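Student: I have a structure that I would like to go through with you. May I put short questions to you as we look at it?
Tutor: Please do; here it is.

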Amino acid sequence: MRRAVLFALSVVVLAGCGSATKPRTRTVTEVAAVKRIPAPKVGDTEAADAYPLPAGVRGVHEAPNPNAVPAATRLRTTVSPGAPSDAEVRAELRQMEQALRAARTPKRGRLPKLTPKGNVEVPDGVPDAVASIFAGGNAIARFPYVYGGGHGSFIDTAYDCSASVSYALAAAGLLGAPLTSGQLAHWGAPGPGRWVTIYANAGHTFMYVDGLRFDTSGRAGPFGTRWQTKPRNLAGFTIRHPPGL
């Protein structure tokens, strides 16, 4: 009686920034089937430009839960001393609409300002959701980069490209869990947004918020800010945006 000789191979498939599938044993038939499928991109294709920390180093402290980013930094609202009259409400609505129209068509070169520490000074006239995205980005702007960081939990000590974008979006209540770059390439609505535009493919993710780039690639050192004013190459990325933004 002939005895079949079986052997197995461990196959690790990574689907871009944020994915870290554990190896599992597959049969010869399974491996042959996998070989017929084009190999996906492995890891973050721009990790070398993100000043990654050495393996095992996860930063110095944990970020807060994005839902707990202080409201004072998210929303620039004030409480009026007393109920306004109908005329005051109508006047405020007119002023608000004028401010929104102006903000929807920003003048060339008018970008949100960055502090010396690399955080964004949230400009007036942006929607509350955009202000929250800015606040979420500020919370982790100078956290170090580690591939896979921020995907086990939003509360982490280092974040890769897609986890960084996910954290900022979660601060505005737009995400409930971190997404990989491949998932963000299909998230939201197609095309550029009025306020927020996400660029994603199988290997990297970044976004523009009110004209300011939030990106792990191209930072000035391992603790450089993710907020950047310099433009970058956009070729090869799927363009998405949060619905309504």
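Student: Let us start with one residue: is Glu-46 buried or exposed?
Tutor: Glu-46 is buried, with a relative accessible area of 12%. Buried means under 20% relative accessible area, exposed means over 50%, and partly exposed lies in between, with a 1.4 Å probe and protein chains only. Please note that this is a predicted model, in which local features need pLDDT of at least 70 and side-chain atom pairs count only at pLDDT 80 or more, while totals for chains, interfaces and linings use all residues. Residues are numbered from 1 along each chain as its sequence is written, and side-chain values use heavy atoms, with hydrogens and water left out.

Student: Which side chain does Glu-46 meet in a salt bridge?
Tutor: That of Arg-232, at 2.7 Å from N to O. A salt bridge here is a side-chain nitrogen of Lys or Arg within 4 Å of a carboxyl oxygen of Asp or Glu.

Student: Where do Glu-46 and Arg-232 lie?
Tutor: Glu-46 lies in the loop between helix H1 (28–35) and helix H2 (71–74), and Arg-232 in the loop between E9 and E10, so the pair ties together parts that are 186 residues apart in sequence. Helices (H or I, at least four residues) and strands (E, at least two) are DSSP runs, numbered from the N terminus.

Student: How many salt bridges are there by this rule?
Tutor: The count comes to three. Asp-215 takes part in a salt bridge with Arg-213 (2.7 Å, N to O) and in one with Arg-232 (3.0 Å, N to O). Asp-215 sits in the loop between E8 and E9, 17 residues from Arg-232. Glu-46, Arg-213, Asp-215 and Arg-232 are thus linked in a network of salt bridges.

Student: And are Asp-215 and Arg-213 buried or exposed?
Tutor: Asp-215 is buried, with a relative accessible area of 1%, and Arg-213 is buried at 5%. Arg-232 is buried as well.

Student: Stepping back, what does the secondary structure of the chain come to?
Tutor: The protein chain has six helices and ten strands. Buried residues make up 43% of its 245 residues. Of the contacts (heavy atoms within 4.5 Å) with a separation of 6 or more, 64% are between residues 24 or more positions apart.

Student: In what order do the six strands of the open sheet come?
Tutor: The order is E5-E10-E6-E7-E8-E9, and the pairing is antiparallel. Two strands pair if DSSP finds at least two bridges between them. Strand E5 (189–190) and strand E9 (227–228) stand at the edges with a single partner strand each, so one side of each is left without a neighbour in the sheet.

Student: How many bridges join E5 to E10?
Tutor: Two bridges join E5 to strand E10 (residues 238–241), and Ala-189 stands opposite His-241 in E10. E6 and E10 pair over three bridges, with Arg-240 in E10 as the bridge partner of Ile-198. Strand E6 (residues 196–200) and strand E7 (residues 205–209) pair over five bridges; there, Tyr-199 stands opposite Phe-206 in E7.

Student: Which helix lies across E6 and E7?
Tutor: Helix H5 (residues 161–171) lies across E6, E7 and strand E8 (212–214). H5 runs at about 35° to E7, where axes are lines fitted to C-alpha atoms, for helices over the stretch in contact, and angles run from 0 to 180 degrees between N-to-C directions.

Student: Now the core: how many residues does the largest nonpolar core have?
Tutor: The largest nonpolar core has 36 residues; among those with the most contacts inside it are Ile-133, Val-196 and Met-207. Such a core is a set of buried Ala, Val, Leu, Ile, Met, Phe, Trp, Tyr and Cys residues joined through side-chain atoms within 4.5 Å. The largest share of this core, seven residues, comes from H5.

Student: What does Val-196 touch?
Tutor: Not counting residues up to four places away in sequence, Val-196 touches residues including Ile-133, Met-207, Val-209 and Leu-245.

Student: One last residue: where is Ala-141 found?
Tutor: Ala-141 is in the loop between H4 and H5 and is buried, with a relative accessible area of 0%. Beyond four places in sequence, its contacts include Gly-118, Asn-119 and Trp-227.
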